[in-house]
Amino acid sequence: MARRTGRRPGNPDTREAILDAARTAFAERGFDVASIRAIASAAGVDPALVHHYFGSKDQLFLAAMNFPVDPGQLVPTVLAGDEDGVGERLVRNFLGVWDSPAGSAAQALLRSAVSNEWTARLLREFVTTQVLRRVLEQLDVDRDELPLRGSLVATQMIGLALMRHVVRMEPVASADPETLVAAIGPTIQRYLTGPLPT
């Protein structure tokens, strides 16, 4: 009997091959440029199989990042309410994830990103496209300011995660989350909607 040639059929290794190809594509080309078709080609599978395993490109990215929660489910809670409270709600939700048992995957990712440029690129893409862009695009601010605003927010949020969970600097490491929300939320709010230096 002749051996079949062509694209790999679905099997236990297929999912991992797709994830490997996706991690490489997202790190090298970024979320916006990487396509399901190119990822499927690199994994040696049909694009329909990528959709079968992961659904959407967003879901594939989350699986590739091994992130514990879907930002698409958290962002609506950050945006629920008046615009003046987005900073506090963002910090509260952020801490809710990072301080939970599920946050260990995010902590491992952050530790790796500090010393590995490839992981740092993936983390940068994740924070930019899956969290900050989704929040900022809903706010009443100049579209040209979004990259700077997003970067400023990231300095605080990633810095908070680093000090609380990796460096474990006291008293931030053991502070009550609401204390941190009250202290950091207004700074995040200023970066989100306040005036920027000219």
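**Note on an all-helical predicted model**

1. Of the 198 residues in the chain, 41% are buried. The structure is a predicted model. The chain holds 10 helices and 0 strands, and the order of elements from the N terminus is α-α-α-α-α-α-α-α-α-α. Its C-alpha trace spans about 70 × 35 × 30 Å along the principal axes.

2. On contacts along the sequence, the following may be noted. When contacts between residues at least 6 apart in sequence are considered, 70% of them join residues at least 24 apart.

3. The nonpolar interior deserves attention. The largest nonpolar core contains 60 residues, and F26, I39 and L60 have the most contacts inside it. L60 illustrates these surroundings: with neighbours within four places in sequence left aside, L60 contacts I18, L19, A22, F26, I36, I39, V50 and F54. F26 and I39 thus appear both in the core's list of residues with the most contacts and among the partners of L60. As a general matter, nonpolar side chains in soluble globular proteins tend to be buried together.

4. Helix 10 comprises residues 177–193, 17 residues in number. From its first C-alpha to its last it reaches 23 Å, close to the 24 Å expected at 1.5 Å a residue. Where does helix 10 bend? The bend, of about 35°, is at I184, and the proline P186 follows within four residues.

5. Several residues of helix 10 are buried, namely L180, V181, I184, G185, I188, Q189, Y191 and L192. I184 therefore belongs both to this buried set and to the site of the bend, given that buried denotes under 20% relative accessible area. An α-helix has 3.6 residues a turn, so residues three or four places apart point the same way. The cover over the buried residues of helix 10 includes helix 6, helix 8 (117–136) and helix 9 (146–166).

6. Helix 6 (residues 86–98) also contains R89. What is the nearest side chain of opposite charge to R89? It is D82, 4.2 Å away. R89 is buried yet has no salt bridge, because a salt bridge requires the nitrogen and the carboxyl oxygen to be within 4 Å. Residues up to four places away in sequence not being counted, R89 touches T77, V78, L79, A80, G81 and D82.

7. Salt bridges number 10 in the whole structure. One of them joins R149 and E145, with the closest N and O atoms 2.7 Å apart. R149 is buried, its relative accessible area being 3%, whereas E145 is partly exposed at 26% relative accessibility. Elsewhere, salt bridges that share partners join E16, D20 and R23 into one network.

8. Within that network, the side chains of E16 and R23 meet at 3.6 Å, N to O. E16 is partly exposed at 40% relative accessibility, while R23 is buried with a relative accessible area of 18%. Another salt bridge pairs R124 with E117 at 3.4 Å, N to O. Here R124 is partly exposed at 46% relative accessibility, and E117 is partly exposed at 45%. In general terms, side chains of opposite charge can pair when their charged atoms come close.

Definitions and conventions
Residues numbered from 1 in each chain as written. Predicted model: local features only at pLDDT ≥ 70, side-chain atom pairs only at ≥ 80, totals over all residues. Heavy atoms only, no water. Helix = DSSP H or I, 4+ residues; strand = E, 2+ residues; numbered from the N terminus. Buried < 20%, exposed > 50% of the residue type's maximum accessible area, 1.4 Å probe, protein only. Lys, Arg positive; Asp, Glu negative; His and termini not counted. Contact = heavy atoms within 4.5 Å. Core = buried A, V, L, I, M, F, W, Y, C linked by side-chain atoms within 4.5 Å. Expected span 1.5 Å × (residues − 1). Bend = angle between axes of the 7 residues up to and from the residue.
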